[in-house]
Structure formats: C-alpha cells, structure tokens
Amino acid sequence: MKPRISVITLGVDDLERSLAFYRDGLGLPTEGIIGTEFEHGAVAFFELQAGLRLALWKRRDLAHDSRLPQTPASPTEFSLAHNVGSREEVDLLIAEVRQAGAVITVPAHDTFYGGYAAYFQDPDGHLWEVAWNPAWELPD
C-alpha cells in the first residue's frame, strides 16, 4: 500500500452544525452540503492541502455505508493534529476555535518535546491537537 490518504471522514450527528463550525468558524473552504438527493448521501467536503480533503458525513449514514452498527462516539479513539509554525499561531488558532464553539480540553502549554500545544473538541466531540514542534519544518 502506498501511503496516500486522500479523505478523512468524520461522522457527525448534525451535519448543518458541523458544516457551520468548519466553514464559518474555522474558515475551511467548501461547496457546502452535497449529495442530498441520495439516501445516505449528504456530505460536506473541505479542501485541506494538496490532495487531502476532510469529509463530514452523518454518523448513521457512515454506519449504513460501512455495514457496521452505530456505536457511541469516543473522543479518545483518535485525534487529528494541525501543526503550525510558532507558539503564537497555536494561541491564535485556539482563540479562533474557542470563538467558533469548540471545547478546549487542554489549554496551550509547553510540551515534553520542547514544543507548544493544545487540544480541542469540535461540536461532535472529535479531538484535535494544535501544535508547534520546533523540530518539524512545515511546507508552505
């Protein structure tokens, strides 16, 4: 398998609310909700970086498509990380997500590896880390 992830799909309870958080609150580009003409098809895609998209899909529709039972959500099953170029950017982004309605679970702090990071949850409880790692160089 080539290491090529092209879509990260988050199951959400309220597609409109989640769309508003990511589009209006965080400013991610999207065409909005598409696929409403199909049963189990309503989805919102967001362009992240070259070749990578974030998808929001109703939890029940994701369960239907995967033929798995819908189970209770757990915010500690995985996290998504957004790396930034400085400590100041961590603080700015955490202020932005707080304003958008995120729950800050861990305020910005110095990390054991010499970086600076914070955690937040989106409206559906998905866990995100915002981090600055001085050992990583970020692409433009």
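# A walk through the strands, helices and salt bridges

Let's start with one residue: Val7 sits in strand E1. Keep in mind that what you're looking at is a predicted model. With a relative accessibility of 36%, Val7 counts as partly exposed, because that value falls between the 20% limit for buried and the 50% limit for exposed. Val7 also helps make a nonpolar patch on the surface, together with Ile34 and Phe45, and that patch covers about 210 Å².

Now step back to the sheet around Val7. Strand E1 belongs to an open sheet of 4 strands, laid out in the order E1-E4-E3-E2 with mixed pairing. At the edges you'll find E1 (7-12) and E2 (30-34), each of which pairs on one side only. Going from one strand to the next, the twist averages 20°. As a bit of background, strands of a sheet pair through backbone hydrogen bonds, and they can do so in parallel or antiparallel fashion. Strand E1 and strand E4 (residues 52-58) run parallel, joined by 6 bridges. If you want a spot to look for, find Val12, which stands opposite Lys58 in E4.

Two helices pack on this sheet. Helix H1 (residues 15-25) touches E1, E2, E3 (43-49) and E4, and its direction makes about 155° with that of E4. Helix H2 (residues 59-66) touches E1 and E4, with its direction at about 100° to that of E4. Within H2, the residues Arg59, Asp61 and Ala63 are buried. What covers them? The cover over the buried residues of H2 includes E1 and E4. Just after H2 comes Arg67, which has a positive phi, near 60°.

Next, the charged pairs. How many salt bridges are there? The count comes to 5 salt bridges. One of them joins the side chains of Arg59 and Asp13, at 3.0 Å from N to O. This pair links distant parts of the chain, with Arg59 in helix H2 and Asp13 in the loop between E1 and H1, 46 residues apart. Arg59 counts as buried because its relative accessible area is 15%, and the limit is under 20%.

Another salt bridge brings together the side chains of Arg23 and Asp24, 2.7 Å from N to O. Here Arg23 is partly exposed, with a relative accessible area of 34%, while Asp24 reaches 52% relative accessibility and so counts as exposed. Then there's Glu47, which forms a salt bridge with Arg53, their closest N and O atoms being 3.0 Å apart. Glu47 is partly exposed at a relative accessible area of 41%, and Arg53 counts as partly exposed too, at 34% relative accessibility.

Further along the chain, have a look at strand E8 (residues 127-132). Is this strand open or enclosed? E8 is largely enclosed by the rest of the structure, because 6 of its 6 residues are buried. Both of its faces are covered: on one side Leu127, Glu129 and Ala131 are buried, and on the other Trp128, Val130 and Trp132 are buried as well.

So who pairs with E8? Strand E5 (residues 79-83) pairs with E8 in the parallel sense over 5 bridges, and Asn83 stands opposite Ala131 in E8. Strand E7 (residues 116-121) runs antiparallel to E8, with 6 bridges joining them. In that pairing, Phe120 has Trp128 in E8 as its bridge partner. Strands E7 and E8 form a hairpin with 5 residues between the strands, and in it Gly125 takes a positive phi near 90°.

How values were computed. Residues are numbered from 1 along each chain as its sequence is written. This is a predicted model: local features need pLDDT of at least 70, side-chain atom pairs count only at pLDDT 80 or more; totals for chains, interfaces and linings use all residues. Side-chain values use heavy atoms; hydrogens and water are left out. Two strands pair if DSSP finds at least two bridges between them. Axes are lines fitted to C-alpha atoms, for helices over the stretch in contact, and angles run from 0 to 180 degrees between N-to-C directions. Contact means heavy atoms within 4.5 Å. Patches are made of residues with over 30% relative accessible area and no salt bridge: like charges are joined within 9 Å, nonpolar side chains (Val, Leu, Ile, Met, Phe, Trp, Tyr) within 5 Å. Accessible areas come from the Shrake-Rupley method with a 1.4 Å probe; for residues, only the protein chains shown count as cover. A salt bridge is a side-chain nitrogen of Lys or Arg within 4 Å of a carboxyl oxygen of Asp or Glu. Buried means under 20% relative accessible area, exposed over 50%, partly exposed in between (1.4 Å probe, protein chains only).
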